[in-house]
Amino acid sequence: MKRYSALAALILSLTFPGLVQTQEPQSAPSQDVQRPSATTNNSDVDNQGIRNYLLGPGDTLDVRVFGQSDLNAVVEVDSDGNISSLPFLDAPIYAKCRTDKDIQKDIIKAYGKYIKNPQVSVRIAERKSRQPATVFGAVRQPARVQMQRKVRLNELMVVSGGFTDRASGTIQIFHTEPLMCPQPGEEALAQPINDSKAPFEIVKISELRSGKGQANPVVRPGDIVLVTEAEPIYITGSVIAPQGIFLRDQLTLSRALAMVGGPKKEAKLTDVRVFRQKPGATDQEMIRIDYAAIKKNQKPDFFLQAFDIIEVPEAGMFSPGRLGKTLVGAVSGSLGGMFTNGGSQIASRVIY
């Protein structure tokens with residue numbers, strides 16, 4: 001069951017060295033979702049209203065029999081899913097995927113063979129059968145979240161503080177543990193996970209935000225949820241604010257230029273150049289794009305890739321787009337020189 005614990009720890013230690021330790025909650029988590037901290041205890045979990053928790057290996061029960069202190073015991077569900085250490089009971093009681101109320105009825109029946117009308121209380125002392133889900137990447141508060149019930153992806157994102165500006169637009173969910181107590185229709189999720197490769201699914205943030213059901217799956221205990229970080233692209237040349245920006249999902253040239261303030265008036269929009277790294281090579285290819293045609297809806301927009309360098313060149317001094325400005329500048333410069341060099345003579349003639 002813990003076959004992927006080492007894998008999860010390695011991934012987290014390389015990406016966020018401090019994350020493998022218990023995370024302190026920055027704000028109150030939503031109901032039934034507990035982030036481990038120094039103040040989290042089992043009574044806090046019990047007070048959250050969890051009534052249908054299904055037991056699993058590692059969970060601990062506090063069993064008390066009224067008037068029979070020698071029968072009181074704290075017992076653990078073993079790896080086979082049984083409780084086999086209750087005093088004076090030879091036959092184990094099966095506990096996996098059952099509630100504490102179900103176990104209570106079986107214990108009353110078992111002790112009823114020796115005691116008349118036994119009064120038995122059963123309380124879950126520790127919930128340790130479910131591995132926490134881990135959220136990291138482009139989120140504001142990387143966290144390990146205890147899974148006491150079914151938790152959907154959007155709730156997990158709220159617990160982790162939401163996305164940062166570096167979120168690329170996709171979320172990867174790696175499944176490291178089989179589903180312990182599958183419901184009808186979920187039997188396939190309970191199959192052992194291949195040792196060589198953990199299954200995963202990809203969710204688009206845009207679809208999650210729009211409320212699509214398939215984009216908001218149930219996150220399972222032990223899952224590793226990675227909000228992928230965007231790769232950079234660089235915009236240079238005749239734009240308002242040349243800079244690097246992060247590549248979002250399906251980012252086009254038009255949107256990228258708008259993010260840096262747009263092209264300047266003197267930009268040569270018919271010959272925008274994109275320098276792109278060739279796969280498996282050290283050199284780049286240059287792609288020429290007629291952005292003026294894209295603006296006029298004469299050509300489709302151009303989709304960008306990670307590490308693209310966009311260069312918007314300036315038009316020539318006597319190009320149609322700059323000819324008027326060039327002539328105005330030349331005339332202004334000539335008149336300015338006239339008044340600077342011979343201004344006193346002209347002024348004297350006007351005054352006198």
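Visitor: What strand order does the open sheet of three strands have?
Guide: This is a predicted model, so read everything here as computed. Pairing in this open sheet is antiparallel, and the twist averages 25° from one strand to the next. The order of the three strands is β3-β2-β6.

Visitor: Which strands stand at the edges of that sheet?
Guide: Look for strands with a single partner, because one side of each is then left without a neighbour in the sheet. That description fits residues 73-76 and residues 120-126. The edge strands are β3 and β6.

Visitor: How many bridges join β2 to β6?
Guide: β2 covers residues 60-65 and runs antiparallel to β6. One of the pairings puts Val65 with Val120 as its bridge partner in β6. The number of bridges joining β2 to β6 is six.

Visitor: At about what angle to β6 does α3 run?
Guide: α3 lies across two strands, β2 and β6. Relative to β6, α3 runs at about 135°.

Visitor: Where does the disulfide put its two cysteines, and how many residues apart are they?
Guide: The structure holds one disulfide, made by Cys97 and Cys181 with their sulfur atoms 2.1 Å apart. Cys97 is in the loop between β5 (93-94) and α3 (100-111), while Cys181 is in the loop between β10 (167-174) and β11 (200-204). So the pair links distant parts of the chain, and the separation is 84 residues.

Visitor: Which cysteine of that pair, Cys97 or Cys181, counts as buried?
Guide: Buried means under 20% relative accessible area. Cys97 has 28%, so Cys97 is partly exposed. At 12%, the one that counts as buried is Cys181.

Visitor: Is the link of Cys97 and Cys181 left-handed or right-handed?
Guide: Check the angle about the S-S bond, which is -95°. That makes the link of Cys97 and Cys181 left-handed.

Visitor: What ring does the charged end of Arg130 sit over?
Guide: The charged end of Arg130 is 4.8 Å from the ring centre. Arg127 also lies over a face of this residue, at 4.9 Å from the ring centre. The ring belongs to Tyr53.

Visitor: How many of the five residues in β7 are buried?
Guide: Take the strand, residues 133-137, one way at a time. Ala133, Val135 and Gly137 point one way and Thr134 and Phe136 the other, and all are buried. The number of buried residues in β7 is five.

Visitor: Which residue of β13 stands opposite Val135?
Guide: β7 pairs with β13 (residues 224-229) in the parallel sense over four bridges. With β8, by contrast, β7 pairs in the antiparallel sense over three bridges. Opposite Val135 in β13 stands Val225.

Technical notes
Residues numbered from 1 in each chain as written. Predicted model: local features only at pLDDT ≥ 70, side-chain atom pairs only at ≥ 80, totals over all residues. Heavy atoms only, no water. Disulfide = S-S within 2.5 Å. Buried < 20%, exposed > 50% of the residue type's maximum accessible area, 1.4 Å probe, protein only. Lys NZ or Arg CZ within 6 Å of the ring centre and 35° of its normal. Pairing = 2+ DSSP bridges. Axes fitted to C-alpha atoms, helices over the stretch in contact; angles between N-to-C directions. Contact = heavy atoms within 4.5 Å.
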